[in-house]
Amino acid sequence: MSLQQILKGIIPLQKQKRAAVNETFEIRDGEVIVKGGTGAPDVGGASEPDRRNEELKGFYIALEAAGRSKLTISGYKSDLRFWERQGAVWDKAIRDLKVGEIEPGIVGLDVATRKRKVAAIRAYARHQLRAGNAELLLELEKLNRPRPKVRIASGIPEKEYKETREKARELCGKGDRKGIWLGLMTWCGLRISEIETAQAGDGWIQVIGKGNKERRVPCPDWLCEAVKKAQKKERGGYQRARRIIDRALRKDGYTHFHRFRHTYATTLLHRGVTLDQIRVLLGHASINTTQIYAKTKIPENICTILDS
């Protein structure tokens, strides 16, 4: 095709587009406005709700690109839906919230939840810097950060912990996937959300934890064999989402699953395993997170010393 033929096709099309623009917009007092209207056109062609959705979508894509796990991204989505509802109270997008509009949203929440909500909106505010919008981040700098309460890790009684471990062994012997779930939490200290990624080796279990980090944890042979023989993601398999495991085990009377993990850690600590070793087993990025278990260890012979 010659250049003249190409131009013959392009020029009429350009004229059609120019005519459509002239019918839609006009210049008044040096500004381009919609004919019959009073404001400037939306150059991006998107409504405000669409723009908000695109901004959030871009944030989630950035998290994926940074290697954040599906669970982490799901947490951000949940927390930002919270902030969308808070913005709706003031008829604002998240990016336009002021500190006086953010604070009422976290009043009455427990400290851990407040920290998570603030961390989510702060991450989103940093993402807004890409578009040159620093207002939200500046507003968050005015926010008084919640002071954490120092708590002692809450586990379950030793007798109940031992009975649950033995129940796991019994169920695995019957080929029941509930035995794998209970075993991975009580014998390996896994988070319930990590079970979906668990795979067995020779004497160890490999999982993907927080921050999309892989780790291996020692595991008894009978549990490793049960995991190897069991179906994985197929119907009836053990690699199920957190909500499915939670619902199934609650029907059998099991609750507060994270306490299995706490009891696993405190039991190891009281039997001589170092905090740094426990940190690695639990998949903690910082020893500061593991320090909570040190508070469960009480110095020996204190009462004897006082009585002497």
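Exposed means over 50% relative accessible area, and buried means under 20%. The exercises below apply to a predicted model.

**Exercise 1. Classify Cys 303 and Cys 219 as buried or exposed.**

Step 1. Cys 303 has a relative accessible area of 63%, so Cys 303 is exposed.
Step 2. Cys 219 has 7% relative accessibility, so Cys 219 counts as buried.

**Exercise 2. Decide why Cys 219 has no bond to Cys 224.**

Step 1. A disulfide is a covalent bond between the sulfur atoms of two cysteines.
Step 2. The cut-off for the sulfur pair is 2.5 Å.
Step 3. The cysteine sulfur closest to that of Cys 219 belongs to Cys 224, at 3.6 Å, which is too far for a bond.
Step 4. The count of disulfides is 0.

**Exercise 3. Find which residues of helix H4 are buried, and what they pack against.**

Step 1. H4 covers residues 99-106. Its buried residues are Val 99, Glu 101, Ile 102, Gly 105 and Ile 106.
Step 2. Viewed down the axis of H4, these buried residues fall within an arc of 160°, so they line one face of the helix.
Step 3. Their packing partners are helix H3 (70-89), helix H5 (111-128) and helix H6 (135-141).
Step 4. Gly 108 follows H4, and its phi is positive, near 90°.

**Exercise 4. Assign the buried and exposed sides of helix H10.**

Step 1. In H10 (residues 242-251), the buried residues are Ile 245, Ala 248 and Leu 249.
Step 2. Down the axis of H10, the buried residues fall within an arc of 95°, so one face of the helix is lined by them.
Step 3. Arg 243 and Lys 251 are exposed on the other side of H10.
Step 4. The buried residues of H10 pack against helix H8 (177-186).
Step 5. After H10 comes Gly 253, with a positive phi near 90°.

**Exercise 5. Describe the surroundings of His 262.**

Step 1. His 262 sits in helix H11 (residues 258-270).
Step 2. The relative accessible area of His 262 is 16%, so His 262 is buried.
Step 3. Set aside neighbours within four places in sequence. His 262 then contacts Ala 153, Ser 154, Gly 155 and Tyr 293.

**Exercise 6. Work through the salt bridges of Arg 95, Lys 174 and Asp 276.**

Step 1. The chain's salt bridge count is 19.
Step 2. Arg 95 pairs with Asp 96, with the closest N and O atoms 3.2 Å apart. Arg 95 is buried at 6%, whereas Asp 96 is partly exposed at 34%.
Step 3. Lys 174 pairs with Glu 170, with the closest N and O atoms 3.3 Å apart. Lys 174 is exposed at 60%, and Glu 170 is partly exposed at 39%.
Step 4. Asp 276 pairs with Arg 279, with the closest N and O atoms 3.0 Å apart. Both lie in helix H12 (residues 275-282), 3 residues apart, about one turn of the helix.
Step 5. Shared partners join Arg 51, Glu 55, Arg 95 and Asp 96 into one network of salt bridges.

**Exercise 7. Identify the residues of the nonpolar surface patch of about 330 Å².**

Step 1. The patch is made by Ile 302, Ile 305 and Leu 306.
Step 2. Leu 306 lies in helix H14 (residues 302-307).
Step 3. Leu 306 has 70% relative accessibility, so Leu 306 counts as exposed.

Conventions
Residues are numbered from 1 along each chain as its sequence is written. This is a predicted model: local features need pLDDT of at least 70, side-chain atom pairs count only at pLDDT 80 or more; totals for chains, interfaces and linings use all residues. Side-chain values use heavy atoms; hydrogens and water are left out. Patches are made of residues with over 30% relative accessible area and no salt bridge: like charges are joined within 9 Å, nonpolar side chains (Val, Leu, Ile, Met, Phe, Trp, Tyr) within 5 Å. Accessible areas come from the Shrake-Rupley method with a 1.4 Å probe; for residues, only the protein chains shown count as cover. A salt bridge is a side-chain nitrogen of Lys or Arg within 4 Å of a carboxyl oxygen of Asp or Glu. Helices (H or I, at least four residues) and strands (E, at least two) are DSSP runs, numbered from the N terminus. Buried means under 20% relative accessible area, exposed over 50%, partly exposed in between (1.4 Å probe, protein chains only). The arc is that of the directions from the helix axis to the C-beta atoms. Contact means heavy atoms within 4.5 Å.
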